Amino acid sequence: MKLQVAMDLLTVEDALKLAGQVAEYVDIIELGTPLIKAAGLSAVTAVKNAHPDKIVFADMKTMDAGELEADIAFKAGADLVTVLGTADDSTIAGAVKAAQAHNKGIVVDLIGVADKATRAKEARALGAKFVEMHAGLDEQAQPGFDLKGLLSAGEAARVPFSVAGGVNRSTIEDVQRAGADVAVAGGAIYGAADPAQAAKELRDAIV
Ligand SMILES: O=C(CO)[C@H](O)[C@H](O)COP(=O)(O)O
């Protein structure tokens with residue numbers, strides 16, 4: 001299972017600092033949606049230039065104009081770009097077309113999708129490299145939230161998937177047991193007193 005750090009920060013300076021601290025422990029470096037909105041796609045270029053050996057993930061969360069939005073993110077240096085599972089099939093197909101032109105990949109983010117297993121299969125059939133079983137920051141903040149629903153959707157979907165939804169040291173083993181291809185950790189790393197140590201502990205927990 002790969003480890004992905006989600007950098008939900010707001011400046012390129014902070015993102016480069018965090019990426020530098022944790023790169024040795026992660027496989028995928030994600031530029032979070034707030035970072036891309038605040039700093040623009042030049043943030044993607046800066047991170048890819050600093051870490052050319054890492055998979056750089058642009059969390060565009062595209063809902064429309066799939067081919068255009070994916071194309072500009074790939075041109076900026078992204079290796080993986082997200083499109084929302086709630087988007088029209090044509091939007092996902094357009095983004096996949098751009099990915100094929102750049103020899104890169106599209107990840108379909110299932111945030112807000114009720115039947116994640118079914119949409120995951122559809123997304124994969126449309127050409128997604130993998131899907132993201134995702135509960136966003138607002139959903140995580142609701143009382144009683146836990147990862148179980150995401151993990152069972154991943155097991156049921158039988159397609160390559162990542163899990164994002166507050167993954168941390170106490171849940172990463174469950175994520176791996178569920179068969180995830182990628183564990184995504186944002187707050188558990190960037191919110192830690194020592195992000196490098198937090199990333200190392202998550203890495204060490206993956207067997
Ligand atoms: O895409 C996101 C929010 O929409 C986050 O990057 C993702 O949820 C991972 O961060 P965390 O581990 O803090 O949940």
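Student: Let's start with one residue: in which helix does Glu155 lie?
Tutor: Keep in mind that we're looking at a predicted model. Away from its sequence neighbours, Glu155 touches Ala178 and Gly179. As for its own element, Glu155 sits in helix H8.

Student: Is Glu155 buried, partly exposed or exposed?
Tutor: Count the C-beta atoms around it: there are 15 inside 10 Å. Being buried takes 20 or more, while exposed means 12 or fewer. With its 15 neighbours falling in between, Glu155 is therefore partly exposed.

Student: How far is the C-alpha atom of Glu155 from that of Ala180?
Tutor: Along the chain, the two residues are 25 places apart. In space, their C-alpha atoms are separated by 8.3 Å.

Student: Which residues of H8 are buried, and why do they line one face?
Tutor: The buried set is Leu150, Leu151, Ala153, Gly154 and Ala157. Look down the axis of H8 and these residues fall within an arc of 160 degrees, so one face of the helix holds them. It helps to recall that an α-helix has 3.6 residues a turn, so residues three or four places apart point the same way. The names you asked for, then, are Leu150, Leu151, Ala153, Gly154 and Ala157, sharing a face because of that arc of 160 degrees.

Student: What covers those buried residues of H8?
Tutor: Both helices and strands take part in the cover. It includes H6, S6, S7 and helix H9 (172–177).

Student: What phi does Arg158 take?
Tutor: Find the spot just after H8, which is where Arg158 comes. Its phi is positive, at about 55 degrees.

Student: Moving on to the strands, in what order do they close into a barrel?
Tutor: Eight strands take part, and the pairing is parallel. The order round the barrel is S1-S2-S3-S4-S5-S6-S7-S8.

Student: By how much does the barrel twist from one strand to the next, on average?
Tutor: Take the strands in that closing order, S1-S2-S3-S4-S5-S6-S7-S8. From one strand to the next, the twist averages 25 degrees.

Student: How many bridges join S1 to S8?
Tutor: S1 and S8 run parallel, and Leu3 has Ala183 as its bridge partner in S8. Ala183 also stands opposite Val163, and S7 pairs with S8 over three bridges. Between S1 and S8, the number of bridges is four.

Student: Which residues of S8 are buried, side by side?
Tutor: Both faces of this strand are covered. On one side the buried residues are Val182 and Val184. On the other they are Ala183 and Ala185.

Student: Why is S5 largely enclosed by the rest of the structure?
Tutor: Gly105, Val107 and Asp109 point one way from S5, and Ile106 and Val108 point the other way. S5 also pairs with strand S4 (residues 80–84), parallel, over five bridges; Leu84 has Asp109 as its partner there. The strand counts as largely enclosed because its buried residues number five of the five.

Student: Is Ile111 buried or exposed, and which residues does it contact?
Tutor: You'll find Ile111 in the loop between S5 and H6. It has 20 other C-beta atoms within 10 Å, and 20 is enough, so Ile111 is buried. Leaving aside neighbours within four places in sequence, its contacts are Leu84, His134 and Gly136.

Student: Which strands does helix H6 lie across?
Tutor: H6 covers residues 116–125 and runs at about 160 degrees to S6. Helix H8 (residues 148–157) packs on the sheet as well, touching S6 and S7 and making about 175 degrees with S7. The strands that H6 lies across are S5, S6 and S7.

Student: Which buried residues of H11 sit on the same side of the helix?
Tutor: Helix H11 spans residues 195–205, and its buried residues are Pro195, Ala198, Ala199 and Leu202. They cover an arc of only 95 degrees around the axis, which puts them on the same side. They pack against S1, helix H1 (12–22), H9, S8 and H10. The residues in question are Pro195, Ala198, Ala199 and Leu202.

Student: Which residues are closest to the ligand?
Tutor: The shell around the ligand holds seven nonpolar, seven polar and two charged residues. Helix H7 (137–140), strand S8 (182–185) and helix H10 (187–190) each supply at least two of them. Of the 16 residues that surround the ligand, the closest are Ala6, Gly136, Ala164, Gly186 and Gly187.

Definitions and conventions:
Residues numbered from 1 in each chain as written. Predicted model: local features only at pLDDT ≥ 70, side-chain atom pairs only at ≥ 80, totals over all residues. Pairing = 2+ DSSP bridges. Helix = DSSP H or I, 4+ residues; strand = E, 2+ residues; numbered from the N terminus. Axes fitted to C-alpha atoms, helices over the stretch in contact; angles between N-to-C directions. Contact = placed C-beta atoms within 7 Å. Near = placed C-beta within 6 Å. Nonpolar A, V, L, I, M, F, W, Y, C, P; charged D, E, K, R; others polar. Arc of directions from axis to C-beta.
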